Amino acid sequence: MTTLGHLVVFSGSGISAESGIKTFRASDGLWEDHPVEEVATPQGWQRDPERVLGFYNQRREQIRKAQPNAAHKALASLEQAGFKVTIITQNIDDLHERAGSSQVIHLHGEILKARSSVDERMCYPLKGNIALGDVCDKGSQLRPDVVWFGEAVPLFEEACAIASQADFLLVVGTSLAVMPAASLLSYIDYDTPCVLIDPDADALSPPGVAAINATAGEGVPTLVEQWKAQGKLELP
Ligand code: APR
């Protein structure tokens, strides 16, 4: 039982950047070298499943080698300190979990799981990679358990319900460019404080959202230490 308040974290690829995982929209980001429509849409999958599997197999291998950074660890430590922490992440990596966070919702899926291409409820943990010819129990090709552009976001409603319960919303490392995920910010109560930590926060923060221009590895531990010292979630 916690009395210290409920922090909801909304994280994007920037929180994993200091773990060596590329973001998407930077000039050297993932979508520069890999056209979205080829590797992250149902149409791309139909055209060339081998290419799509290759793209995610490569990313999965990088993610397995990566380690949680100071930001992931600080958020996990806040739970240990008695705060309720729910993480809603756009990331498909497992770095929040490996850092020790126990409540993590992956809005855009999880790269370490495979799923049937005919029935999204048929989902399997992955030890290795996915090859062409690997099939689900219904005999259809396995695909990564990630949400592609043009697909529904099945956990969005649940995420909005959680956001509406937040005492504080901490947004970290996201350009807020992708819907519906980014609209999560509008589901918090009108008087719930909200902060964005991002090197580009000044430019990205919507009205009413406080901006902290910092990397996740610097900004998140600083704020977390403040909250632990105060025993409550307050704006810095
Ligand atoms: N610490 C914090 N933020 C950082 C860092 C860092 N060290 N480095 C970069 N960033 C920030 C960038 O300033 C940018 O605002 O991370 C953000 C990354 O933005 P995007 O590349 O647009 O990624 P994201 O917001 O996670 O994308 C959302 O788009 O294509 C999809 O499905 C994919 O989940 C992803 C979604």
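Here is a quick tour of the domains, the ligand shell and a few annotated residues in this predicted model.

**Two domains**

The domain assignment splits the protein chain in two: domain 1 takes 1-20 + 68-108 + 153-236, and domain 2 takes 22-65 + 114-146. Measure from C-alpha centre to C-alpha centre and you get 26 Å between domain 1 and domain 2. Where they touch, domain 1 puts in eight residues and domain 2 five. On the domain 1 side of that contact, the count by class is three nonpolar, four polar and one charged.

**Around the ligand**

The ligand has 23 residues around it, and the closest are Gly12, Gly14, Gly173, Thr174 and Ser175. Sorted by class, this shell holds eight nonpolar, 11 polar and four charged residues. Which domains feed into the shell? Both domain 1 and domain 2 do, with at least three residues from each.

**Annotated residues**

UniProt, in an unreviewed entry, puts its "active site" label on His108. The "binding site" label, also from an unreviewed entry, goes to Gln90, Asn91, Ile92, Asp93, Gly173, Thr174, Ser175 and Ala216. Of these, Gly173, Thr174 and Ser175 also turn up in the list of residues closest to the ligand.

Three of the annotated residues are worth a look one by one, starting with where they sit in the fold.

| Residue | Loop runs from | Loop runs to |
|---|---|---|
| His108 | strand S3 (104-106) | strand S4 (109-116) |
| Asp93 | strand S2 (84-89) | helix H6 (95-99) |
| Ser175 | strand S7 (168-172) | strand S8 (194-198) |

Is His108 buried or exposed? His108 counts as buried because 20 C-beta neighbours fall inside 10 Å. Setting aside neighbours within four places in sequence, its contacts are Gln90, Ile92, Val146 and Val147. Two of those partners, Gln90 and Ile92, carry the "binding site" label in the UniProt record.

Asp93 has 25 C-beta neighbours inside 10 Å, so Asp93 is classed as buried too. Once its neighbours within four places in sequence are left out, Asp93 contacts Ser16, Ile21, Ile63, Ala66 and Ile111.

Then there's Ser175, which is partly exposed because 18 other C-beta atoms lie within 10 Å. Not counting residues up to four places away in sequence, Ser175 touches Arg25 and Leu204. Arg25 falls in the 22-65 stretch of domain 2, while Leu204 belongs to the 153-236 stretch of domain 1.

Definitions and conventions
Residues are numbered from 1 along each chain as its sequence is written. This is a predicted model: local features need pLDDT of at least 70, side-chain atom pairs count only at pLDDT 80 or more; totals for chains, interfaces and linings use all residues. Domain bounds come from an automatic or database domain assignment. Two residues are in contact if their C-beta atoms, placed from the backbone, lie within 7 Å. Ala, Val, Leu, Ile, Met, Phe, Trp, Tyr, Cys and Pro count as nonpolar, Asp, Glu, Lys and Arg as charged, and the others, Gly among them, as polar. A residue is near a molecule or strand if its C-beta atom, placed from the backbone, lies within 6 Å of it. UniProt positions are given in the numbering used here, feature names are shortened, and annotations may be inferred rather than shown by experiment. Helices (H or I, at least four residues) and strands (E, at least two) are DSSP runs, numbered from the N terminus. A residue is buried if 20 or more other C-beta atoms lie within 10 Å of its own, exposed if 12 or fewer, and partly exposed in between; C-beta atoms are placed from the backbone.
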